[in-house]
Amino acid sequence: MKVLLIGASGYIGSAVSAHLADAGHQVVALVRADRPDAGHEQRVGDLTDPASLTRAVTSDIDAVINLAPPTGDAAVDAAAITALTDPLRGTGRAFVYASGVWVLGATGPAAADENAPVNPLPIVGYRPAIERQVLDTADAGVRATVIRPGIVHGNGGGIPALLVDLARKHGAPRYVGAEAVHWPMVHVDDLADLFVATVEKAPAGSLWHGVSESAVPVRDLAAAAGAAAGVDGEPQSWPLEDARAELGAPFADALALDQTVSGDAAREGLGWLPRHAGALADVREVSYPRVDTDGIEVFGAADGQQADVEAIVRFVAGVQYAQQNELVDAFMSNFRKQHPVWTTAHGKRLSGWDEIDGFTRQVLPGAMKESTATYEVVRILFVRPDVAAVNVRQRPVTLDGQPIGDQPEGRPMYVLAKDNGRWRIAAAQNTRVLTG
């Protein structure tokens, strides 16, 4: 498909763009004239200029995904939806609109599904009307769908990054409002998979909750954010009035919202399979801890590539987490789809994504019953800005983290390629070494 993506350079949009491309789709980014995005084919348009939006939806566009945040003006957003969907009427082409679970309001302990009534907070007050406008176009021959993401985490971004910043700023883990607050959550890459599945096969007029964990205790999330920030102590409640004064009342009220939301429908109806670390582990161990690159030898880096160095360290942390927790799908998400090669510690050479996937499904489950390993990046060579050779020290440890002296260490070498803004393994060699 050729997919017009609105918001392609944003936090969620960059992940959706990468996953669309991985699935073989062509991304066309809608950009403002003064904010070009050189990573994609572009169409110029602005949400406040309906005519420009209609011009962007040409006959070669097979689907439109609207990830743009609300402008704050209901009439402007409604006009934008009309402008984007008018060229799709009677064609059966897809239109996917990103809303959010805050339209449900406080849900209580029972998980709210897609049939639950809406009770939106002021920050998303008119969004249910926009959802209804989108879904009504199904009657006019548009394959219109709506996705309501939960609170998004992963890759160091989203609202959890605010909790990490708050912990650093205040010297203690901190959350807004009552201790009993829960958030429905989803990893940004799992959410991107849902957008791909929706644009490919969701029926017209359907609504989906993008939620992989229905109710994560925010107090526990704040504790994980404190660990990522290197801050000790018990999580502290930030009084709502104080949070309103600093963050603004609409946003602070949303952070204090207690919700339990089900994402089961997307799993059952679209075959959606969330595969990444849950929110607590992701915040504590993978995506958000401060990256220390001081001891890493880096060669060939261009100006401005420190962010890539940090991204590679986080990438390896994700490999470690998937290995330690025997998460086959999460581990396989680290490989690029185009002809990867992996040579195992025992010298078995695996070629192609399917062969690596089949082998991993045989050997990874149950492999960590007695021991596991830690991964430490020691050297990065940028062969070119989008290709890096990465040396890793792999240390065997017990399940409680104690070194195992009588087992050989590993010295994995990863050749990483940056595809669609994401580092992935193109080739890997895992060699055992004797130490001592």
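A cavity is a set of grid points where a 1.4 Å probe fits but cannot get out, and its lining residues have an atom within 4 Å of a point. The structure examined here is a predicted model. One cavity of 30 Å³ or more was found in the structure. The largest cavity holds about 80 Å³ of space. Its lining is made up of Leu47, Asn66, Ala68, Pro69, Pro70, Asp77, Ala80, Ile81, Tyr97, Arg127 and Ile130. Two elements give two or more residues to this lining, helix H3 (74–85) and helix H4 (127–136). Helix H3 supplies the largest share, three residues. By character, the lining residues divide into eight nonpolar, one polar and two charged.

The sheet was examined next. Seven strands form an open sheet, in the order E3-E2-E1-E4-E5-E6-E10. The pairing is parallel. Strand E3 (41–44) and strand E10 stand at the edges. Each has a single partner strand, so one side of each is left without a neighbour in the sheet. From one strand to the next, the twist averages 20°.

Within this sheet, strand E1 (residues 2–6) pairs with strand E4 (residues 63–66). Four bridges join these two strands, in the parallel sense. Isoleucine 6 stands opposite asparagine 66 in E4. Asn66 also appears among the residues that line the largest cavity.

At one edge of the sheet, strand E10 is joined to strand E6 (residues 143–149) by five bridges. The two strands run parallel. Threonine 145 has serine 206 of E10 as its bridge partner. Strand E10 spans residues 206–210 and is mostly covered, with five of its five residues buried. Ser206, Trp208 and Gly210 point one way from the strand. Leu207 and His209 point the other way. Residues on both sides are buried. Thus the strand has one side without a neighbour in the sheet, yet five of its five residues are buried.

Charged side chains were then surveyed. A search of the whole structure finds 25 salt bridges. One of them joins the side chains of arginine 361 and aspartate 357, at 3.1 Å from N to O. Both residues lie in helix H14 (residues 353–363). Because they are four residues apart in this helix, about one helical turn separates them. Arginine 361 counts as partly exposed because its relative accessibility is 39%, between the limits of 20% and 50%. Aspartate 357, at 12% relative accessibility, counts as buried.

Glutamate 409 takes part in a salt bridge with arginine 393, at 2.9 Å from N to O. Glutamate 409 lies in strand E18 (residues 409–410) and arginine 393 in strand E17 (residues 387–398). The pair therefore ties together parts that are 16 residues apart in sequence. Glutamate 409 is buried, with a relative accessible area of 10%. Arginine 393 is partly exposed, at 26% relative accessibility. A salt bridge also links glutamate 409 to arginine 411, with the closest N and O atoms 2.7 Å apart. Arginine 411 is partly exposed, with a relative accessible area of 32%. Elsewhere, salt bridges that share partners join Lys2, Glu41, Arg43 and Asp60 into one network.

Two pairs of residues illustrate contacts between separate parts of the chain. Valine 181 lies in the loop between strand E8 (174–176) and strand E9 (182–187). Valine 181 counts as buried, at 3% relative accessibility. The C-alpha atoms of valine 181 and arginine 219 are separated by 7.5 Å. Along the chain, these two residues are 38 residues apart.

The second pair involves helix H1 (residues 11–22), which contains isoleucine 12. With a relative accessible area of 23%, isoleucine 12 is partly exposed. Isoleucine 12 and valine 188 are 176 residues apart along the chain. Their C-alpha atoms are separated by 6.3 Å.

Methods:
Residues are numbered from 1 along each chain as its sequence is written. This is a predicted model: local features need pLDDT of at least 70, side-chain atom pairs count only at pLDDT 80 or more; totals for chains, interfaces and linings use all residues. Side-chain values use heavy atoms; hydrogens and water are left out. Buried means under 20% relative accessible area, exposed over 50%, partly exposed in between (1.4 Å probe, protein chains only). Two strands pair if DSSP finds at least two bridges between them. On a 1 Å grid over the protein atoms alone, a cavity is a set of points where a 1.4 Å probe fits but cannot get out, and a pocket is an open set with protein on both sides within 12 Å along at least five of seven lines; lining residues have an atom within 4 Å of a point. Grid points are joined across faces, edges and corners, and a volume is the space filled by probe spheres set on the points. Ala, Val, Leu, Ile, Met, Phe, Trp, Tyr, Cys and Pro count as nonpolar, Asp, Glu, Lys and Arg as charged, and the others, Gly among them, as polar. A salt bridge is a side-chain nitrogen of Lys or Arg within 4 Å of a carboxyl oxygen of Asp or Glu. Axes are lines fitted to C-alpha atoms, for helices over the stretch in contact, and angles run from 0 to 180 degrees between N-to-C directions.
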